[in-house]
Amino acid sequence: MLDSMVLVLLLVMNFAGPINSLVAPSLFPPPSWAPNWDLLASTTIQPSGDSYFMPNHTWGLISLDWSVAKSVWMRHGRNRTNCEAVSVEGCRRLKAAGKASRCFIYHNMELALEWEETQRKVMYDPSTADYFLQYTDGMGNKNGTIYAENIEEGDQFFWDYTNPKAAAYVISSILRSVDDPAVDGTFTDDVNGFPQEHESATARINMSHQQLAALQAATRVTHAKLVGELVKAGKYNWQAFGVGDGAGVTCPSDPKGCSAFMQTGCDPEMQSRPMMMDAAHADNQTVAAFLITRPPIGFIGWGWESGDSKWPSSDVFLLKPGEPQGLCKQEQPGIYSRQWSKGKVVLNCNEWTASLPFSHIDQPSGGRVKSVSADVLVE
């Protein structure tokens, strides 16, 4: 099953370009989680910051950037950083406070980072030096000197996934770092691998086009295997939603774009895939598009460097639609609906209006939100 999934993924990526440019749905299976039909539990952000992240609002999935709580994990200096342990603690705090249903921590598919302790473990061990890219003679032969691009927080080596032992170590080390009940998965940055964000490194290393192609193919295979292992462990991966570092696409407001988005999302096949959708301005129409098309595992929100300030002033995420009673229906050209247990959601692409006839839940502070009109026109 996993081998066939890897083959399909490689074929699509070879012809469709980098994953960040894809607008197609995820090619990976969804996580083995129970459906998160609750709208609030379906929201997502990916904050950054120097301290532990603790939002005022409750979110569904919070994916912690590597920079979160940097003042904590850098406290003892570069050689004694513990970013992974601090990130796990960040997830524990969020869940204990009732601020997150799911929590991810950060890793990087391209780089071995000194400040992540499971990676530092092999970065300076002579016996594992071949886990990393080295300067070469231009013919594929490493000269023994590891290529690095170091920053203030620590050294950065580049994984060599053409070495099966390196690939196996990355997978096993990530699985170990997320093996905590408070952690539900990982955000694997730079999923396209070398030389993403480090374009000049290829020439510096003296790497041939053939070597680069082999490395990038091995990176994709490793990522696919990682996702498979995470799913088996009850965990998941942000990039497995097919959205790169962001939160995917959003529903366009023009009639043609809106209808195209809904036609794609209303395909029953989409219900078997995981979904992540950019919330844009979190207006009623965008939320309606999400509720009409979403599968059992779906999230709406924002990606890299988004935080609690993204919470919409309308409090639309506090609406309580219940559970879906069927799939998307096209009632007329450009008009789409879906019946939920608490009411029917309607999106009119022709006029860009939405019907969200639901009550609301209490805010964490105990306040209430205003009702949303069944046929409100937003912007």
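**Naming the pieces**

A helix here is a DSSP run of H or I with at least four residues, and a strand is a run of E with at least two; both are numbered from the N terminus. The model is predicted. That chain holds 9 helices and 15 strands.

**The chain as a whole**

The chain has 379 residues, and 57% of them count as buried. It exposes about 15,900 Å². Carbon and sulfur atoms supply 53% of that area. Now look at contacts between residues at least 6 apart in sequence. Of these, 65% join residues at least 24 apart.

**The sheet of 7 strands**

Strands of a sheet pair through backbone hydrogen bonds, either parallel or antiparallel. One open sheet has 7 strands, and its pairing is parallel. Read across it, the order is β9-β8-β3-β2-β1-β11-β10. Residues 236-237 form the edge strand β9, and residues 275-278 form the edge strand β10. Each of these two pairs on one side only.

Some strand pairs, from both sheets of this report, are listed here.

| Strand pair | Bridges | Direction |
|---|---|---|
| β1 (43-46) and β11 (298-304) | 3 bridges | parallel |
| β2 and β3 | 4 bridges | parallel |
| β3 and β8 (185-189) | 5 bridges | parallel |
| β14 (343-348) and β15 | 3 bridges | antiparallel |

Single residues show how the strands line up. Threonine 44 has glycine 301 of β11 as its bridge partner. Isoleucine 62 is matched with cysteine 103 in β3. Phenylalanine 104 stands opposite glycine 185 in β8. How much of β3 is covered? Of its 9 residues, 7 are buried, so the strand is mostly covered.

**Helix α3**

Helix α3 runs over residues 83-96, which is 14 residues. Is its length what a helix should give? At 1.5 Å a residue, the expected span is 20 Å. The end C-alpha atoms are 20 Å apart, which agrees.

Which residues of α3 are buried? They are Cys83, Glu84, Val86, Ser87, Val88, Gly90, Cys91 and Leu94. An α-helix has 3.6 residues a turn, so residues three or four places apart point the same way. The cover over the buried residues of α3 includes strands β2 (59-63) and β3 (100-108). Helices α2 (70-73), α4 (117-123) and α5 (164-177) are also part of it. Just after α3 comes glycine 98, with a positive phi of about 70 degrees.

**The sheet of 4 strands**

A second open sheet has 4 strands with antiparallel pairing, in the order β12-β13-β14-β15. Strands β12 (329-332) and β15 (353-355) stand at the edges. Each has a single partner strand, so one side of each is left without a neighbour in the sheet. From one strand to the next, the twist averages 25 degrees. In β15, alanine 354 is the bridge partner of leucine 347.

Helix α8 (residues 255-265) packs on this sheet and touches β12, β13 (335-340) and β14. The direction of α8 makes about 40 degrees with that of β13. Helix α9 (residues 284-293) lies across β13, β14 and β15. Helix α9 runs at about 120 degrees to β14.

**Aspartate 65**

Where does aspartate 65 lie? It is in the loop between β2 and α2. Its relative accessible area is 3%, so it is buried, because the cut-off is under 20%. Leaving out residues up to four places away in sequence, aspartate 65 touches Gln46, Pro47, Ser48, Tyr106 and Trp304. Its side chain makes a polar contact with the side chain of serine 67, at 2.8 Å. Aspartate 65 and phenylalanine 187 are 122 residues apart in sequence. In space, their C-alpha atoms are 8.1 Å apart.

**Backbone details in two loops**

The loop between β8 and α6 contains aspartate 190. Aspartate 190 is not a glycine, yet its phi is positive, at about 50 degrees. Is aspartate 190 buried or exposed? At 2% relative accessibility, it counts as buried.

Proline 195 also has its place in the loop between β8 and α6 (201-205). The peptide bond joining phenylalanine 194 and proline 195 is cis, with omega about 5 degrees.

Alanine 280 is found in the loop between β10 and α9. Its phi is positive too, at about 50 degrees, although alanine 280 is not a glycine. At 31% relative accessibility, alanine 280 counts as partly exposed.

Note on methods: Residues are numbered from 1 along each chain as its sequence is written. This is a predicted model: local features need pLDDT of at least 70, side-chain atom pairs count only at pLDDT 80 or more; totals for chains, interfaces and linings use all residues. Side-chain values use heavy atoms; hydrogens and water are left out. The expected span of a helix is 1.5 Å times one less than its number of residues. Buried means under 20% relative accessible area, exposed over 50%, partly exposed in between (1.4 Å probe, protein chains only). Contact means heavy atoms within 4.5 Å. Two strands pair if DSSP finds at least two bridges between them. A polar contact is a pair of N or O atoms within 3.5 Å; within protein, one must be able to donate a hydrogen and the other to accept it, and residues adjacent in sequence count only if both atoms are side-chain atoms. Accessible areas come from the Shrake-Rupley method with a 1.4 Å probe; for residues, only the protein chains shown count as cover. Axes are lines fitted to C-alpha atoms, for helices over the stretch in contact, and angles run from 0 to 180 degrees between N-to-C directions.
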